[in-house]
Amino acid sequence: MEDWNRNNPISEYVRKQRKASKMTQIELSDLTGVGLRFVRDMEQGKPNLMTNKVNQVLLFFGTTLKPQPITNETN
């Protein structure tokens, strides 16, 4: 099982966007329709989250998950 990584790009993005919007995790949960536990797990870098729920939160901030080619810069 993978370790949780609070500094992964999705965790950092969601946490940064939420704080910039001056929202609590509870407010983000209510506004996106996902559970509070999910928001907390996402921001703490849980490695195995449901992608449809991740997209539900990301869509709130105007983004989505998408495939990205691996380059030498991202390795």
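**Exercise 1. The largest pocket**

Find how much space lies in the largest pocket, and which residues line the largest pocket.

*Step 1.* About 310 Å³ of space lies in the largest pocket of this predicted model. On a 1 Å grid over the protein atoms alone, a pocket is an open set of points where a 1.4 Å probe fits, with protein on both sides within 12 Å along at least five of seven lines. A volume is the space filled by probe spheres set on the points, which are joined across faces, edges and corners.

*Step 2.* The lining consists of Pro9, Ile10, Tyr13, Leu58, Thr63, Thr64, Leu65, Lys66 and Gln68, where a lining residue has an atom within 4 Å of a point.

*Step 3.* Sorted by class, five of these residues are nonpolar, three polar and one charged. Here Ala, Val, Leu, Ile, Met, Phe, Trp, Tyr, Cys and Pro count as nonpolar, Asp, Glu, Lys and Arg as charged, and the others, Gly among them, as polar.

*Step 4.* Helix α1 (residues 9-20) gives the most to this lining, with three residues. Helices are DSSP runs (H or I, at least four residues), numbered from the N terminus.

A note before going on: residues are numbered from 1 along each chain as its sequence is written. In this predicted model, local features need pLDDT of at least 70 and side-chain atom pairs count only at pLDDT 80 or more, while totals for chains, interfaces and linings use all residues; side-chain values use heavy atoms, with hydrogens and water left out.

**Exercise 2. The second largest pocket**

Work out which elements give two or more residues to the lining of the second largest pocket.

*Step 1.* This pocket holds about 180 Å³ of space, and its lining includes Asn8, Pro9, Met42, Lys46, Thr51 and Val54.

*Step 2.* Two elements, α1 and α4, give two or more residues to that lining. The most comes from α1, with three residues.

*Step 3.* By class, there are six nonpolar, five polar and one charged residues.

**Exercise 3. The core and helix α4**

Locate the largest nonpolar core, then explain why the buried residues of α4 line one face of the helix.

*Step 1.* The core has 11 residues: Val14, Met23, Leu28, Val34, Phe38, Val39, Met42, Val54, Val57, Leu58 and Phe61. A nonpolar core is a set of buried Ala, Val, Leu, Ile, Met, Phe, Trp, Tyr and Cys residues joined through side-chain atoms within 4.5 Å. Buried means under 20% relative accessible area, exposed over 50%, and partly exposed in between (1.4 Å probe, protein chains only).

*Step 2.* Helices α3 (36-43) and α4 (51-60) each give two or more residues to this core.

*Step 3.* Within α4, the buried residues are Val54, Val57 and Leu58. Seen down the helix axis, they fall within an arc of 100°, so they line one face of α4. The arc is that of the directions from the helix axis to the C-beta atoms.

*Step 4.* These buried residues pack against α1, α2 (25-32) and α3.

**Exercise 4. Two charged residues**

Are Glu43 and Arg18 buried or exposed?

*Step 1.* Glu43 sits in helix α3 and counts as buried because its relative accessibility is 2%.

*Step 2.* Arg18, in helix α1, is also buried, at 9% relative accessibility.

*Step 3.* Leaving aside neighbours within four places in sequence, Arg18 is in contact (heavy atoms within 4.5 Å) with Met23, Thr24, Gln25, Leu28, Glu43 and Phe61. Among the residues that Glu43 touches are Arg6, Ser11 and Arg18.
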